[in-house]
Amino acid sequence: MDGDKGKVIKDAEAKGFNPGLIVLLVVGGLLLTFLIGNYVLYSYAQKSLPPRKKKPLSKKKMKKEKLKQGVSAPGE
């Protein structure tokens, strides 16, 4: 039995790469490409797109924030 296993391994080495290894390399390469592409797009978007505007706060929320800070709200 041990002799057969050695023969199979030698045959696989003679053929070239293990098919499982090829699949792993292809999938790994695609994943890496995807991640790098995402990073490049993200960094480009950060540079080129204007910063998002904050939603305007309602008057009630403004009053609450000012009271928290200890400043009297206008009109009081």
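This is a short tour of a predicted model, one selection at a time.

**Start with the whole chain.** Show all 76 residues as a cartoon. You should find three helices and zero strands, laid out along the sequence as α-α-α. Now colour by pLDDT: the chain averages 78, and 70% of the residues score at least 70. Switch on the surface next, and the accessible area comes to about 8,000 Å², with 66% of it belonging to carbon and sulfur atoms. Buried residues make up just 1% of the chain.

**Select residues 2–15.** This is helix α1, and a little caution is welcome here: its mean pLDDT of 56 is the lowest among the elements of the chain.

**Select residues 19–48.** You are now on helix α2, which has the highest mean pLDDT of the elements, at 94. Try a distance between its end C-alpha atoms: they are 43 Å apart, which agrees with the 44 Å that 30 residues should span at 1.5 Å a residue. How many of the 30 residues of α2 are buried? The count is zero, so the helix is hardly covered, given that buried means under 20% relative accessible area.

**Narrow to residues 20–45.** UniProt, in an unreviewed entry, lists this stretch as "transmembrane region". In the model, residues 20–45 are 100% helix and 0% strand, and the C-alpha atoms at the two ends are 37 Å apart.

**Pick out Leu32, Ile36, Tyr39 and Val40.** Show their side chains: together these residues make a nonpolar surface patch of about 440 Å². An α-helix has 3.6 residues a turn, so residues three or four places apart point the same way. Stay for a moment on Val40, which is found in α2. Is Val40 buried, partly exposed or exposed? Val40 counts as partly exposed because its relative accessibility is 46%, between the 20% and 50% cut-offs.

**Finish with residues 59–69.** Here is helix α3, with eleven residues; the number buried is zero, so α3 lies largely in the open. Step on to Gly70, which follows α3, and check its backbone: phi is positive, near 90°.

Terms used
Residues are numbered from 1 along each chain as its sequence is written. This is a predicted model: local features need pLDDT of at least 70, side-chain atom pairs count only at pLDDT 80 or more; totals for chains, interfaces and linings use all residues. Side-chain values use heavy atoms; hydrogens and water are left out. UniProt positions are given in the numbering used here, feature names are shortened, and annotations may be inferred rather than shown by experiment. Helices (H or I, at least four residues) and strands (E, at least two) are DSSP runs, numbered from the N terminus. Patches are made of residues with over 30% relative accessible area and no salt bridge: like charges are joined within 9 Å, nonpolar side chains (Val, Leu, Ile, Met, Phe, Trp, Tyr) within 5 Å. Accessible areas come from the Shrake-Rupley method with a 1.4 Å probe; for residues, only the protein chains shown count as cover. A salt bridge is a side-chain nitrogen of Lys or Arg within 4 Å of a carboxyl oxygen of Asp or Glu. Buried means under 20% relative accessible area, exposed over 50%, partly exposed in between (1.4 Å probe, protein chains only). The expected span of a helix is 1.5 Å times one less than its number of residues. pLDDT is the predictor's confidence in each residue, from 0 to 100.
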